[in-house]
Amino acid sequence: MGKRYLNGVSRRTGGCRAAVAGRGRVTYKHESARRPGYAPLNHSWYAAKSPEPARHAPLTGRADASTVIVGGGFAGLNTALGLLARGERDIILLEAEQIGFGASGRNGGFVFAGYSLGEQALLDKVGVDRARDLYGRTVAAVNLIRERIARLDIACDVVDGGVIWANWFRDPAVLRRRQQLLAETYDTHWQWIPAGAMHEFVHSPRYHDGLYERNAFHIDPLMYARGLAQAAARAGATIHEHSPAVRLARDGEGWIVFTAHGEVRARNVVLAAGGYLAGLDRRVDRAVLPVATYVMVTEPLGDRLKEHLRTQAAIYDTRFAFDYYRPLPDTRLLWGGRISIRDRSPRSVQRLLKRDMAKVFPAFADARVDHAWSGLMSYARHEMPQVGRRAPGLWYAQAFGGHGVAPTCAAGEALADAIVGGDERCVAYADFGLVSAHRPVGYLAAQASYYSAQLGDWFKRRLEG
């Protein structure tokens with residue numbers, strides 16, 4: 001959700017916002033294997049409410065594929081579907097845990113266009129034509145996601161109610177500038193919401209005016225990820241869960257991916273592990289910063305929710321360190337926000353986010369929180385996805401933190417085009433490469449940037465009185 005987010009430190013929120021981190025500084029790969037008694041997705045409301053699907057067997061022995069995909073999140077699944085739609089066969093997908101285990105199964109569920117890097121910054125970076133192309137890919141991705149959900153009959157609690165960008169401050173200039181930029185440069189038209197109408201939609205003293213993005217919706221992301229996996233399997237892909245890739249080696253003109261109990265030979269390998277670094281290619285891993293963020297879900301609020309939130313739209317606000325939330329079909333409220341280089345316990349997440357929620361909706365201060373969780377997102381310093389080719393036959397798709405649902409779909413389409421069509425540069429995203437995240441110093445820089453942004457938000461609000 002615009003150009004202000006913390007994880008890499010951007011600002012659009014929306015899509016992919018969570019997965020599991022360890023104590024202290026966030027940790028990377030296969031944490032569950034090292035924590036006795038750890039239950040995958042143990043605090044996620046999405047997992048708690050959905051029946052466990054039939055599991056895909058781990059990889060054993062040797063297998064051959066045209067393409068092997070490492071990572072069972074949105075990026076990997078969309079790449080698999082993109083390849084299958086273009087006539088590719090013998091696709092194998094390896095997931096270290098379960099489908100949707102990471103950010104893809106734990107995020108806020110916002111589906112809308114754009115990137116963590118804001119529209120003006122994108123324009124400044126690559127110019128009008130490239131900016132329009134990149135932004136247009138996410139618009140097309142929103143439409144493709146909506147179409148796939150309907151065509152593939154994916155049950156994921158779709159609420160096609162748009163997204164509201166709510167102004168935390170009195171000054172409407174930032175909204176007007178963005179509305180004008182989107183209309184004139186990107187041919188995207190957001191509706192102005194005057195303060196009076198805004199208070200009718202969202203009964204909160206914190207907001208003033210707002211912008212409404214109609215071509216957007218929200219979903220249960222775990223159910224969506226599982227639905228994508230089922231569709232890929234029906235179309236001929238082979239999926240192996242609990243099959244962490246442990247080593248990658250050259251094999252003539254192709255590659256071998258080794259797991260604990262098997263290996264896959266393939267012409268192409270796609271690395272799509274997100275914040276859970278696969279450890280297979282040092283340069284790919286070093287290019288992202290895994291950062292934790294927080295989400296919670298309240299008890300059913302019944303008529304209380306309708307009294308204060310008279311819209312089915314998902315909402316985020318204009319601060320750098322913003323909240324994002326959405327009404328759920330059973331009158332619960334899903335609330336997310338904050339970022340940190342440290343994981344927190346569910347109780348701590350609940351305490352922090354409940355305090356944030358009470359600032360916006362004082363009437364919900366006594367609401368019970370039924371689920372709270374944290375997780376890892378992957379961010380790049382340039383605040384854009386990293387999608388491209390590392391070496392002949394070795395591809396990557398990562399750094400979707402902060403705004404990932406539509407961009408992961410766009411990336412899957414771009415990679416599928418590149419692999420099938422022989423586009424060695426994956427030219428669509430060539431301007432945003434594997435820039436080092438400078439870990440561990442990058443963690444401190446990200447946290448400092450976030451705290452500085454929080455202070456700026458506070459100071460601006462104080463100046464307004």
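This is a short tour of three helix pairs and one cavity, to follow in your viewer. The model you have open is a predicted one.

**Stop 1: α2 and α10**

Begin by selecting residues 74-85, which form helix α2, and then residues 405-421, which form helix α10. Turn the view until you can see both axes: they cross at roughly 40° and come within 7 Å. Angles under 35 degrees count as roughly parallel, and α2 and α10 are therefore oblique to each other. Their crossing is right-handed.

Now show the side chains where the two helices meet. On the α2 side, pick F74, A75, N78, T79, G82 and L83. Facing them from α10 are V405, T408, C409, G412, E413, L415, A416, I419 and V420. Colour this contact by residue type and you should find 9 nonpolar, 5 polar and 1 charged.

**Stop 2: α2 and α6**

Keep α2 on screen and add residues 221-234, helix α6. What angle do the axes of α2 and α6 make where they cross? It is roughly 30°, and the axes come within 10 Å. That angle makes α2 roughly parallel to α6. Here α2 passes α6 in a left-handed crossing.

For the contact itself, select F74, L77, N78, L81 and L84 in α2. Then add their partners in α6: P221, Y224, A225, L228, A229, A231 and A232. Colouring by type gives 11 nonpolar residues, 1 polar and no charged. F74 and N78 may look familiar, since they also meet α10.

**Stop 3: the largest cavity**

Next, look for the largest cavity, which holds about 470 Å³ of space. To find its centre, select G73, A272, A273, G274 and Y276, the closest to it of the 36 lining residues. Which elements give two or more residues to the lining? They are α2, β16 (369-379) and β18 (394-398), so select these strands as well as the helix you already know. β16 gives the most, with 3 residues. By type, the lining divides into 18 nonpolar, 15 polar and 3 charged residues.

**Stop 4: α3 and α4**

Finish with a pair that leaves α2 aside. Select residues 119-151 for helix α3 and residues 173-186 for helix α4. They pack at an angle of about 35°, with axes 11 Å apart. From α3, show E119, Q120, L122, L123, A131, R132 and Y135. From α4, add R178, L181, L182, E184, T185 and Y186. Colour them one last time: this contact has 7 nonpolar, 2 polar and 4 charged residues.

Terms used: Residues numbered from 1 in each chain as written. Predicted model: local features only at pLDDT ≥ 70, side-chain atom pairs only at ≥ 80, totals over all residues. Heavy atoms only, no water. Axes fitted to C-alpha atoms, helices over the stretch in contact; angles between N-to-C directions. Helix = DSSP H or I, 4+ residues; strand = E, 2+ residues; numbered from the N terminus. Contact = heavy atoms within 4.5 Å. Nonpolar A, V, L, I, M, F, W, Y, C, P; charged D, E, K, R; others polar. Parallel < 35°, antiparallel > 145°, perpendicular 65-115°, else oblique. Left-handed = near helix turned anticlockwise from the far one by under 90°. 1 Å grid on protein atoms, 1.4 Å probe; cavity = no way out; pocket = protein on both sides within 12 Å on 5 of 7 lines; lining within 4 Å. Points joined across faces, edges and corners; volume = space filled by probe spheres on them.
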